[in-house]
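This report covers a ligand site, the chain around it, and a few single residues. The model is shown below.

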Amino acid sequence: MVVTTLVILAVFLILAFFRASITSWLFALMVIVPVMAIQTQISGTTLQVVYLALFLFVVFFGIPPLRRAVITAPILKIFRKVLPQISATEQEAIDAGTVWWDGELFSGHPDWNKLRAFPKCGLSKEEQSFVDNEVEQLCAMLDDWDITHTRADLSPKVWEFIRSKGFFGMIIPKQYGGLEFSAQAHSAVVTKVASRSGTAAVTVMVPNSLGPAELLLHYGTPEQKDKYLHRLAQGKEVPCFALTGPFAGSDAGAIPDFGVVGYGEFNGQQNVLGVRITWEKRYITLAPIATLLGLAFKLYDPEHLLGGEANRGITLALIPTDTPGVRIGRRHFPLNSAFLNGPTQGDAVFIPMEYLIGGTTRIGQGWRMLMECLAAGRSISLPASSVGGMKLAARTCGAYGRVRKQFKVPVGKFEGVEEPMARIGGHTYMVDSARRFTALAIDLHEKPSVISAIIKYHATERGRIVINDAMDVHGGKGICLGPDNYLGRFYQQMPIGITVEGANILTRTLMIFGQGAIRSHPYVLKEIAATMDQNNKRALLQFDAALFEHISFSLSNAARSFVYGWTGGRGIPVPEGAETSRYYQQLTRFSAAFALSSDIAMAVLGGTLKRREKISARLGDVLSLMYLCSATLKRFEDDGRPADDLPLLHWSMQDALYKIQEAFDGVIQNFPNKIVRGLLSVLIFPAGQRLSLPSDHLGHQVSTLLMTPGAARDRLSDGMYLPKDEQDAVGALEAALTSTLACEPLQAVLEEARKAKKLKALDEVARIAEARDAGIITADQALQLERDYALRRKVIMVDDFDPQQLQANQA
Ligand SMILES: Cc1cc2nc3c(=O)[nH]c(=O)nc-3n(C[C@H](O)[C@H](O)[C@H](O)COP(=O)(O)OP(=O)(O)OC[C@H]3O[C@@H](n4cnc5c(N)ncnc54)[C@H](O)[C@@H]3O)c2cc1C
């Protein structure tokens, strides 16, 4: 009996694993049930009941029209009742954008060959030249202390350079005088500028991100495009876009700002049909100096002048800021950053209909337009600016950790410091990979809404980890602000990226899995669409197909998750590669487990899953981490599998895989149903949780890589601005690293001479001269050591000021 049961379970496991058809399942049941019945020697009447039940089961499930009428139709009815109400704004967010690699991760069986077949990330000659010349020049002009402390603005020269060189027109096509850059190039520009000045990066990225240019390109009327795109590309117009207000932050769809359709006077003309808009917006980047104000408001037409309903929904307008009644100019002060950000208000400001973006045909479509544009912008700007800062942190921590000595040892060599150094290297490598991979999606004409939320969240969160660690590695050097502090402003400004374009808590808990479960899941959207279809016959057909495929998908994921849980993913066919194949296998295993747990969470928690933000967040973490891992593997392949980069690859992959395991554990431990907790635990971790964090030795390798000049260090920080001037704080640090390493043999000679009491001088500079005079080192070597001392001193020193210079109310 035990053997029979085991055989039967094995048959079920195999059928589920290979996603057998309904017919195969029914056939298996027709064999198994009689065998079981005979083996258990049940009485004649019971046997008849069992056979009848089996017969009915086979007939109802095996004959599709009967199945639809008897089984699917009641289920559809229940679905229609229990399915949570999706608000119009939620529906538009779900409909906006496309599904890309996130769909593969939801499939339970990602196609890794597809990942490897995506084109390599790279820039065209023209784009590379812009990065190497114009961006390089801009970075050289930027003095972040002057910007953030002295002027609280970019200098007029920098403003002029940004405008005249086309930085505001990176996404605008050449036919309108723009640079028409790829997303990859756009991202590379922002990354480089951000590694020099956060203020400049925000100033450059906002007009290229969610704003008037992007909206006009997609939805503008031909007249609007002709009127504004040239001027925007040349920086003759400064744009901003105002959605957020005091009473509508994260819940931006709830904006109270309103416009009422009516007749008014415009440019001396009477009885012009237009809209009277009243708004109060805040936090609007570039608003204080904007010449063009993009505005979101709710449109009402109480007198039905446009025909149709009175309440017309969110609508967008583009308003020249010299229009009478537009109030701009005041500034907020976001965390010592000096980019221009402030409030704007208007009270019954009259605009003609042609100011509506896309004209009257786009009335009421504002939310959808914003959602669609947000995916592209969010995929590029914030990830790029975060990565710029992370690269700066990685490069400078490596150099500082090697140059700065305490207890006669470079601080980066202490085991305690190796820990943050490893995080800095590993996270920078992984987030930079995801930045490149996501920009590639945009270049492939995707609008990946779920992925844009993933990359925005993780680039900024990991940016926060990296800058905190970088501050620790630098000690007091990071704390004391001044022209020589290259980290302090980045540290202060990090929360800005966390807050904007979907504040991070909301992005993690509500958007990534909440949207992904519907948008990227292979069947859920089809099932929802069927439940909403008013045509009952069509709805039933579609629902039946989706439902039974969904069931087979879930059973397959349960079986595969269980089997792979035992083997740790071993045996799964994946692309070859000694260093990477186990990672592909573990990701496939987790993808199956993720698809399974998503289905179970949706089935058991239904509409309440939306409110179970902690469960939803952890499932979102699994999805996000699988995405970051995919991007990292892709980058390693694209870079030609460089052996030097292996510590970064291994550290980042092992850290992320461990965190996936932790996220699953969090879901299981906190799932509000005991039976499901047990089931998930058995199906996902049948052999326990066997992954561990990267080893100390691996962390040591990453830390050493950061401190050692070479190809791997250069690749990690590739794309950041590296000043060559030794008077510059970062330039001096780079020079000091090279010099320190070159001078170490000479330092050893001096130390030996000191120990042998051949040198008596008490300070370093005097000792160098003494060694030269005693013939212990040559005159050239003495010069080399003197330069090294001067560089190290410049690196170690921090700024100090006359007290008056720091008075808050100085002119
Ligand atoms: C410097 C800066 C520049 C900006 N630039 C612009 C701009 O150019 N144009 C523009 O229109 N807007 C802009 N914004 C607005 C920005 O996008 C909003 O600040 C952001 O959406 C959050 O709104 P809020 O600050 O009012 O936070 P709130 O909405 O009050 O949120 C407070 C906290 O609650 C969390 N939260 C809210 N709802 C939920 C939920 N359902 N589940 C879980 N957590 C939740 C949030 O994550 C956040 O942590 C800018 C903001 C700043 C600070």
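## Ligand site and chain

The shell around the ligand is made up of 13 nonpolar residues, seven polar ones and two charged ones. This is a predicted model, and every value given here is computed from it.

**The shell around the ligand**

In total, 22 residues surround the ligand. The closest of them are L243, T244, S250, Y283 and E613. Four elements each supply at least two residues of the shell: β1 (239-242), β3 (269-285), α19 (488-499) and α20 (504-519). Of the contributors to the shell, α20 gives the most, with four residues.

Three pairs of polar atoms between protein and ligand are listed in the table.

| Residue | Protein atom | Ligand atom | Distance |
|---|---|---|---|
| F241 | backbone N or O | nitrogen | 2.9 Å |
| S250 | side-chain N or O | oxygen | 2.6 Å |
| Y283 | backbone N or O | nitrogen | 2.8 Å |

The ligand taken alone exposes 970 Å², and the protein buries 69% of that area. For F241, the ligand partner is a nitrogen atom, and the protein atom belongs to the backbone. Y283 likewise uses a backbone atom towards a ligand nitrogen, whereas S250 uses its side chain towards a ligand oxygen. S250 and Y283 are also listed among the closest residues of the site.

**The chain as a whole**

The chain contains 31 helices and eight strands. Its radius of gyration is 31 Å, close to the 28 Å that the globule rule gives for 811 residues, so the chain is as compact as a globular protein of that length. Along the principal axes, the C-alpha atoms fill a box of roughly 110 × 85 × 45 Å.

Of the 811 residues, 55% count as buried. The accessible surface of the chain is about 34700 Å², and carbon and sulfur atoms hold 57% of it. Among contacts with a separation of 6 or more, 76% are between residues 24 or more positions apart.

**T344, a residue in a strand**

Is T344 buried or exposed? T344 has a relative accessibility of 0% and therefore counts as buried, the cut-off being under 20%. T344 is located in strand β6 (residues 341-352).

The side chain of T344 takes part in two listed polar pairs. With the side chain of W279, T344 forms a polar contact of 3.1 Å. With the backbone oxygen of R327, the side chain of T344 is paired at 2.8 Å. W279 and R327 both appear among the contacts of T344 beyond four places in sequence, along with A242, E280, K281, I284, L293 and I328.

**Two residues with positive phi**

Most residues other than glycine have a negative phi. Two residues that are not glycine depart from this sign.

E180 has a positive phi of about 50 degrees. E180 is placed in the loop between α10 (156-164) and α11 (183-194). How much of E180 is accessible? The relative accessible area of E180 is 47%, so E180 is partly exposed.

K757 has a positive phi near 60 degrees. The loop that holds K757 runs between α29 (729-755) and α30 (764-773). K757 counts as exposed because its relative accessibility is 65%, and exposed means over 50%.

Methods. Residues numbered from 1 in each chain as written. Predicted model: local features only at pLDDT ≥ 70, side-chain atom pairs only at ≥ 80, totals over all residues. Heavy atoms only, no water. Near = heavy atom within 4 Å. Polar contact = N/O pair within 3.5 Å; in protein donor to acceptor, adjacent residues only side chain to side chain. Areas by Shrake-Rupley, 256 points an atom, 1.4 Å probe, with all protein chains shown as cover. Nonpolar A, V, L, I, M, F, W, Y, C, P; charged D, E, K, R; others polar. Rg over C-alpha atoms; globule rule 2.2 N^0.38 Å. Buried < 20%, exposed > 50% of the residue type's maximum accessible area, 1.4 Å probe, protein only. Contact = heavy atoms within 4.5 Å.
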